[in-house]
Amino acid sequence: MNKKGIYVIQLNTLAAQPGLVHGIFTRRGGASLPPFDSLNVGLSTGDEVAHVRENRRRIAHYLGFERSLYLHQVHGRDVAVIKQDNSDPTVFDAPLVADGAVTNIPGLLLVIQVADCQAVILYDPVKKVVANLHSGWRGSVQNISGRGVEVMTEQFGCDPANIRAGIGPSLGPCCAEFIHYKTELPMWLLKYWRGDRHFDFWECTRDQLMEKGLWPAHIETAGICTRCHPERFFSHRHERPTGRFAVAAGLAG
């Protein structure tokens, strides 16, 4: 989709779900100057704060939301739970330190910031619950995708068989090279070794979701490598410094 210079990708599995709004935003259509050109949503990148806030405003407006939740992402496995009965009025005043968020609140947009890591959107159309997760290689090692499913089942009573999942553009097996993989990665990840020190983290995430009960037909991978497409997406592997593009999901208000 293209509107006012902003280009957004949607995944068919998620787009087919009534009540769910989502968008994978490319780096185009923002206010930031090089090397953060132009729709950078990362406040910790070195970009001008005013530009980042304007970019975040444009993203929310594009999807029709007034409230957005951005996390302070730390490559962990903590998932913040934002429930409809949460009475704390300050919950959105300061960034939550977490790498995922789950909510049943309509009108709240959950946004993950990425530049080679995966954003994993989960949606239960029965319970009307949405999650958005940030999974780099450290997140894959800690299985934050599986943790997101656990939180949905524990906190909202979701059935994994009902959950739909979308894995956004990220570092593909073509470019996910780990020179020091013998010391950086656990041995079980060798299952996803694709030769010449490259790994398939897309397949890893699919397996982690299926291990928690998701049906294979309910999982869609964008299959777009960010490093191979720096004209469309920010990529930490391609250039430094760089910005962060947004992957957003929320329940229609």
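**Exercise 1. Work out how strand β3 is placed: is it largely enclosed or not, and which strands pair with it?**

Step 1. Strand β3 covers residues 20-25, and five of its six residues are buried, so the strand is largely enclosed by the rest of the structure. Here buried means under 20% relative accessible area, exposed means over 50%, and partly exposed lies in between, with a 1.4 Å probe and protein chains only. Strands are DSSP runs of E with at least two residues, helices are runs of H or I with at least four residues, and both are numbered from the N terminus.

Step 2. The model is predicted, so local features need pLDDT of at least 70 and side-chain atom pairs count only at pLDDT 80 or more, while totals for chains, interfaces and linings use all residues. Residues are numbered from 1 along each chain as its sequence is written, and side-chain values use heavy atoms, with hydrogens and water left out.

Step 3. Strand β2 (residues 6-9) runs antiparallel to β3 and is joined to it by two bridges; two strands pair if DSSP finds at least two bridges between them. Isoleucine 9 stands opposite isoleucine 24 in β3.

Step 4. Strand β13 (residues 245-251) also pairs with β3 in the antiparallel sense, over five bridges, and valine 21 stands opposite glycine 250 of β13.

**Exercise 2. Describe the open sheet of six strands, and find which strands stand at its edges.**

Step 1. The strand order is β5-β7-β10-β9-β11-β12, and the pairing is mixed.

Step 2. Because β5 (80-82) and β12 (219-221) each have a single partner strand, they stand at the edges, and one side of each is left without a neighbour in the sheet. From one strand to the next, the twist averages 15°.

Step 3. Within this sheet, β9 (residues 118-124) and β10 (residues 129-135) pair in the antiparallel sense over seven bridges. Alanine 119 has histidine 134 in β10 as its bridge partner.

Step 4. Helix α4 (residues 144-156) packs on the sheet and touches β5, β7 (100-103), β9 and β10, where contact means heavy atoms within 4.5 Å. The direction of α4 makes about 155° with that of β10; axes are lines fitted to C-alpha atoms, for helices over the stretch in contact, and angles run from 0 to 180 degrees between N-to-C directions.

Step 5. Helix α6 (residues 201-211) packs on the sheet as well, touching β9, β11 (164-167) and β12, and its direction makes about 25° with that of β9.

**Exercise 3. Decide how α4 and α6 lie relative to each other, and name residues through which they meet.**

Step 1. The two helices, α4 and α6, pack at an angle of about 30°, and their axes are 8 Å apart.

Step 2. Angles under 35 degrees count as roughly parallel, over 145 as roughly antiparallel, 65 to 115 as roughly perpendicular and the rest as oblique; α4 and α6 are therefore roughly parallel to each other.

Step 3. On the α4 side the residues are Ser145, Gly146 and Val149, which meet Thr205, Gln208 and Leu209 in α6.

**Exercise 4. Characterise the surroundings of glutamine 113: is this residue buried or exposed, and which residues are in contact with it?**

Step 1. Glutamine 113 has its place in strand β8 (residues 108-114), and it is buried because its relative accessible area is 11%.

Step 2. A polar atom of the glutamine 113 side chain lies 3.1 Å from the backbone oxygen of leucine 71.

Step 3. When neighbours within four places in sequence are left aside, the contacts of glutamine 113 include Val41, Leu71, His134 and Phe245.

**Exercise 5. Locate the residues other than glycine, lysine 128 and aspartate 196, that have a positive phi, and the cis peptide bonds at serine 38 and proline 241.**

Step 1. Lysine 128, although not a glycine, has a positive phi of about 60°. It is in the loop between β9 and β10, and at 41% relative accessibility it counts as partly exposed.

Step 2. Aspartate 196 has a phi near 55° and lies in the loop between α5 (181-184) and α6; with a relative accessible area of 55%, aspartate 196 is exposed.

Step 3. The peptide bond from aspartate 37 to serine 38 is cis, with omega near -5°, and serine 38 lies in the loop between β3 and α2.

Step 4. Arginine 240 and proline 241 are joined by a cis peptide bond with omega about 0°, and proline 241 is in the loop between β12 and β13.

Notes
Polar contact = N/O pair within 3.5 Å; in protein donor to acceptor, adjacent residues only side chain to side chain.
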